[in-house]
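Biologist: Could you walk me through the labels on this one? I would like to hear the reasoning behind each.

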Amino acid sequence: MTHPHAAPARAAAFLIALGGLMTNDAVPARAAAAPAPAPVERIVAAALADSSAFALLADLCDTAGSRLNGSEGQRRAVAWALDRLRAGGLDDVRAEPVTVPHWVRGRETCTLLEPYEQPLTMLGLGGSVGTPPGGIAAEVLAVRDFDELEARAPEAAGRLVLFDPPWEGYGKTVQYRGRGAVAAARHGAVGCLIRSVTDRSLATPHTGIMRYDKGDTIPRIPAAALSVEDAALLTRLARRGPVRVRLEMGAAQLPDAPSANVVADLTGRELPDEVVLAGAHLDSWDAGCGAHDDGAGCAIVMEAVMLLKRLDLAPRRTLRVVLFADEEMTQQGGRGYARDHADELPRHRAALECDSGGFAPAGFTVQADSATVARFAALAAPLAPLGADAVTPGGGGVDISFLAEAGVPLIGHRVHGEHYFDVHHSPADTLDKVDPADLQRNVAAVAGLLWAIAEAP
C-alpha cells in the first residue's frame with residue numbers, strides 16, 4: 001500500500017487526476033495565471049494542514065470518558081456531539097431517540113486458588129450474568145477449542161471451562177467470546193473463561209459482547225475474559241494437576257435505557273433531498289475511553305463534514321453525519337435509523353462508516369454491485385497520495401448494514417490496522433494510541449470521497 005508521503009511524481013499525477021475527475025468548479029484557463037485548485041485538492045490540502053480532528057477526539061475522550069450504554073459517559077457524549085456539531089455550523093443538528101440495553105459490570109475479580117493463590121487479570125464479558133454472592137469457586141477445565149470441549153464433555157460438569165485458542169484473526173477467534181458460555185453450559189459448566197480476543201497483550205484483558213440462547217433450556221452462566229498471559233498460565237498449570245479459581249462478578253442486566261443517534265446535515269445546494277451518509281458509533285465499552293473504537297471514527301466523520309463547511313463548500317447533495325448509539329451490543333442505533341428514515345432511504349445515494357480505528361488510511365470497501373464498486377474506485381483514485389485509493393468489494397459496517405435492504409451502496413473506511421486488536425475493547429484503548437497525523441490523513445481521505453460522491457452526476 002502506498003505510504004501517505006508520496007513522491008513528487010505521484011503528487012503531480014494527483015493534481016492532474018483531480019482536475020480530470022471533478023469539473024463542477026472548473027474555471028477557464030488563463031495564460032497568465034495558474035488554474036484554481038479543484039475542490040478535492042483543496043479539501044485534502046486543508047485537511048492535512050488542520051489539526052482539528054485530534055483536538056476533537058481528545059475533547060470527546062476527556063469530556064465523556066467511556067461511553068457504555070446507559071452510562072453517564074454515554075449521556076455526556078450525546079450532549080458533547082450535539083454541541084460540537086452545532087458549533088461546526090451544520091444544519092438541523094438533532095438527537096433521534098433510541099432505546100438501548102443497559103448492562104452494568106459491577107465489582108468483579110478472578111483469583112487463582114490452587115495450586116497457589118494469585119489474582120488474575122480479567123474483564124467480564126458484556127451481557128454476562130453475575131455470580132452468586134461470594135462468587136464461584138471451581139476447578140478449571142482448560143480446552144483449546146470447541147472440538148476439545150466436545151471430546152472432554154464429561155469433565156465439564158461443575159467446572160469453569162477456559163477456552164484458550166490460538167489467535168487466528170479476530171473473525172475466527174471471537175467465536176469463543178460470543179458462543180463460549182452456551183457451549184460450556186450445555187455440558188454442565190458453572191462458568192466460562194476465555195483468552196482475550198487479541199494477538200498481543202501486556203497483561204491487559206479485552207471485553208466485548210457475548211450471547212445466550214434465547215430459550216431457557218441452557219442455563220446462563222457467567223463469562224469473563226482473562227489476559228492472554230493468565231489464560232496461558234492456567235492452561236500450563238492444568239497440564240500439571242488440578243487448578244481451582246474463584247470468579248466473582250456483580251454484572252446485571254437493568255431495564256432498557258434511553259439513548260440517541262446524533263444526526264446533522266450539510267444541506268445540498270442542488271439536490272438537498274438526496275443524502276450521502278457518513279457514520280460512526282458514539283458508544284464504547286467501559287474499559288478505556290474508546291479512542292480507536294470508535295472515537296476516532298466519530299472525529300473523522302464529524303471533522304470531514306465540518307471542514308467542508310469551514311471551506312464554504314456546499315455539496316450538490318446533502319452530506320449527513322450520523323453518530324450511532326449501541327453498536328457494541330445490539331445495534332439499536334443502526335436499526336432505529338433505518339426504521340425512522342425508511343421513507344427517505346431510496347434517496348440515500350451512499351452510506352459510509354468509519355469503525356476501524358484511526359491508523360493510517362488504506363482505502364475503502366464497497367458493498368454493492370460491481371459497476372458501483374468500479375465507480376467508487378474511480379472517485380477514490382485521486383486519494384492515492386494518501387494511500388487511500390484502494391477500493392475493493394466488502395462490507396460497509398454494522399451500523400449501516402441495515403440500509404442494504406433498501407439498496408443503499410455501503411462503504412467501509414479501512415486503515416492499516418495491524419495493531420488495532422492490541423487495544424480493542426481494552427483499558428489500553430486510550431488517546432495516546434492515536435497518531436494525530438494519521439487521523440488527519442483519514443479526514444482528508446473521507447472528506448475527499450464524500451465530496452466526490454456528493455458531487456457526482
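**Bridges, cysteines and confidence**

Modeller: Gladly! Salt bridges link D92, R94, E96, D265, R320 and E344 into a network. The structure is a predicted model, and it holds 29 salt bridges.

Biologist: What makes D83 and R84 a salt bridge?

Modeller: Their side chains meet at 2.2 Å, N to O, and the cut-off is 4 Å, so the pair qualifies.

Biologist: And why is R84 called partly exposed?

Modeller: Its relative accessibility is 23%. Buried would need a value under 20% and exposed one over 50%, so R84 falls in between. D83, at 42%, is partly exposed too.

Biologist: How do you know that R200 and D199 form a salt bridge?

Modeller: The closest N and O atoms are 3.8 Å apart, which is within 4 Å.

Biologist: Why does C289 form no disulfide with C61?

Modeller: The sulfur of C61 is the closest cysteine sulfur to that of C289, at 3.5 Å. A disulfide needs the sulfur atoms within 2.5 Å, so this pair is too far for a bond.

Biologist: What about C110?

Modeller: Its closest cysteine sulfur, in C192, is 11 Å away, again too far for a bond. The count of disulfides comes to zero.

Biologist: Why is C110 called buried?

Modeller: Its relative accessible area is 3%, and buried means under 20%, so the label fits. C289 also counts as buried, at 11%.

Biologist: Where does pLDDT stay under 50?

Modeller: Over residues 1–32. The chain averages a pLDDT of 93, and 92% of the residues score at least 70.

Notes:
Residues numbered from 1 in each chain as written. Predicted model: local features only at pLDDT ≥ 70, side-chain atom pairs only at ≥ 80, totals over all residues. Heavy atoms only, no water. Buried < 20%, exposed > 50% of the residue type's maximum accessible area, 1.4 Å probe, protein only. pLDDT = per-residue confidence, 0-100. Contact = heavy atoms within 4.5 Å.
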